[in-house]
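Let's take a walk through this model together, one region at a time. Keep the viewer open and follow along as we go.

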Amino acid sequence: MAWKKSSAGLLLAASLCAAPLERFEAVEPHMGTLVRITLFAPDSDTARKGFAAAFERIRRLDETLSDYNPSSELMRLRSGPPAPVSEDLFRVLGAAQALARETRGAFDVTLGAAIRLWREARRNHRLPSEEERRIALQQCGYRFLKLDSRRRTVQILRPGLQLDLGGIAKGFAAGEALSVLRALGLPRALVAVSGDLVIGDPPPDKSGWSVQVDRPLVLHNRAVSTSGDTEQYVEIGGVRYSHIIDPNTGLGLTSRTGVTVLARDGTTADSLATALSVLTPSEGRRIALRHHARVWYTPPQ
Ligand code: AMP
Ligand code: MG
């Protein structure tokens with residue numbers, strides 16, 4: 001609320017109050033899933049501009065970070081000398097590599113070859129042979145990816161190494177979409193890219209956004225991500241495997257534990273939720289603490 005001083009020297013509330021805010025919601029398909037944006041704006045025109053700019057940011061990020069699109073910036077990277085990359089790609093790879101070091105490779109975006117082999121297994125309902133997994137895992141390893149922040153370059157040291165940002169890009173994109181909305185003066189917003197939520201300022205007259213993740217929470221200026229096998233899994237020989245793979249075996253996880261992470265930004269929440277699915281709960285809690293994040297484990301249903 002704005003205030004102005006009257007001639008009598010009294011403070012009076014000015015009638016310059018902003019128009020009451022209304023709630024708007026829009027959904028679009030991006031990054032192989034649905035993106036839902038909810039925001040508060042003074043009118044539908046302002047809301048429409050906000051949606052258009054935020055979805056456009058996500059569309060552009062998908063062009064950069066997608067591992068499904070062979071012409072994305074990510075997929076054009078090859079082994080060889082250091083290659084300059086965009087700021088967006090460098091930021092995501094920087095966060096991914098930091099977490100890879102911290103988790104000693106439990107979270108690893110260089111697992112592309114093993115992830116592709118596993119996707120094929122999910123499609124064909126057939127486990128890859130030990131030999132196929134060994135060959136795929138030979139082409140993986142975060143130590144074969146070097147970043148130079150001064151030059152903003154990326155170097156792939158192992159031929160055949162493939163990158164996959166499926167465990168981190170959605171949270172990053174949700175955070176970037178919220179930043180776009182903030183820059184347009186629409187900070188009271190929530191961006192959900194599938195199970196990765198980034199939450200801005202609270203709705204008018206509320207202390208936060210009510211979200212139902214593993215449990216009901218009221219949040220603002222936080223991010224929440226959930227990883228697990230409730231939606232994406234395959235059953236082979238009576239065993240249920242997750243789409244998250246164990247870097248030691250090249251097979252999908254079978255622990256069936258769901259992980260929900262509450263963190264201060266989307267990139268952290270998304271990547272931690274994937275990483276903590278691989279690690280034991282005691283290792284996971286220790287790492288979450290270091291990131292000032294909270295974690296909940298859901299036992300198998
Ligand atoms: P999320 O749904 O965020 O947990 O991410 C799952 C996706 O991350 C998978 O579909 C793969 O693309 C990728 N992924 C699988 N296993 C790993 C892993 N151990 N480390 C990093 N990314 C992984
Ligand atoms: Mg994730």
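Strand 8 and strand 9 (residues 196–199) are joined by 4 bridges and run antiparallel; strands here are DSSP E runs of at least two residues, helices are H or I runs of at least four, and both are numbered from the N terminus. Two strands count as paired if DSSP finds at least two bridges between them. Within this pair, Ala-192 has Leu-197 of strand 9 as its bridge partner. As general background, strands of a sheet pair through backbone hydrogen bonds, either parallel or antiparallel.

Before going further, a word on conventions. This is a predicted model, in which local features need pLDDT of at least 70 and side-chain atom pairs count only at pLDDT 80 or more, while totals for chains, interfaces and linings use all residues. Residues are numbered from 1 along each chain as its sequence is written, chains are lettered from A and ligands numbered from 1 in the order in which they are written, and side-chain values use heavy atoms, with hydrogens and water left out.

Now zoom out from that strand pair. Strands 8 and 9 belong to an open sheet of 7 strands, ordered 3-4-8-9-12-17-18, with antiparallel pairing. Its edges are strand 3 and strand 18 (294–298), each of which pairs on one side only. From one strand to the next, the twist averages 10°. Helix 1 packs on this sheet, where it touches strand 3, strand 4 and strand 8, and its direction makes about 25° with that of strand 3. Contact here means heavy atoms within 4.5 Å, and such angles run from 0 to 180 degrees between N-to-C directions, with axes as lines fitted to C-alpha atoms, for helices over the stretch in contact.

At the strand 3 edge, strand 3 and strand 4 run antiparallel and are joined by 9 bridges. Glu-25 stands opposite Thr-38 of strand 4. The hairpin of these two strands has 2 residues between them, and Met-31 takes a positive phi near 55° there.

Helix 1 (residues 44–65) deserves a closer look. With 22 residues, helix 1 reaches 31 Å from its first C-alpha to its last, close to the 32 Å expected at 1.5 Å a residue; that expected span is 1.5 Å times one less than the number of residues. Its buried residues include Ala-47, Phe-51, Phe-55, Ile-58 and Leu-61, where buried means under 20% relative accessible area, exposed over 50%, and partly exposed in between (1.4 Å probe, protein chains only). Among the elements covering the buried residues of helix 1 are strand 3, strand 4, helix 3 (87–102) and helix 6 (169–183).

At the start of helix 1, a side-chain oxygen of Asp-43 comes within 3.1 Å of the backbone nitrogen of Asp-45. Asp-45 itself is partly exposed, at 42% relative accessible area, and its side chain makes a polar contact with that of Arg-48 (3.2 Å). A polar contact is a pair of N or O atoms within 3.5 Å; within protein, one must be able to donate a hydrogen and the other to accept it, and residues adjacent in sequence count only if both atoms are side-chain atoms.

There is another sheet to find. This open sheet of 3 strands has the order 5-7-6 and antiparallel pairing. Strand 5 (83–84) and strand 6 (145–148) are its edge strands, each pairing on one side only. Helix 3 packs on the sheet by touching strand 6 and strand 7, and its direction makes about 120° with that of strand 6.

The loop between strand 7 and helix 6 holds Asp-164, which is buried at 8% relative accessibility. The side chain of Asp-164 makes a polar contact with the side chain of Arg-119 (3.1 Å).

Finally, which atoms coordinate the magnesium ion (ligand 2)? They are Gly-167 (O), Asp-270 (O), Asp-270 (OD) and Thr-274 (OG1), at 1.9 to 2.6 Å. Donors are N, O and S atoms within 2.8 Å of the metal (3.2 Å for Na, K and Ca), and water is not among the atoms, so sites may look incomplete. Along the chain, the donors follow the spacing G-x102-D-x3-T. Asp-270 and Thr-274 are separated by about one helical turn because they lie 4 residues apart in helix 7 (residues 266–278). Asp-270 is buried, with a relative accessible area of 3%, and Thr-274 also counts as buried, at 13%.
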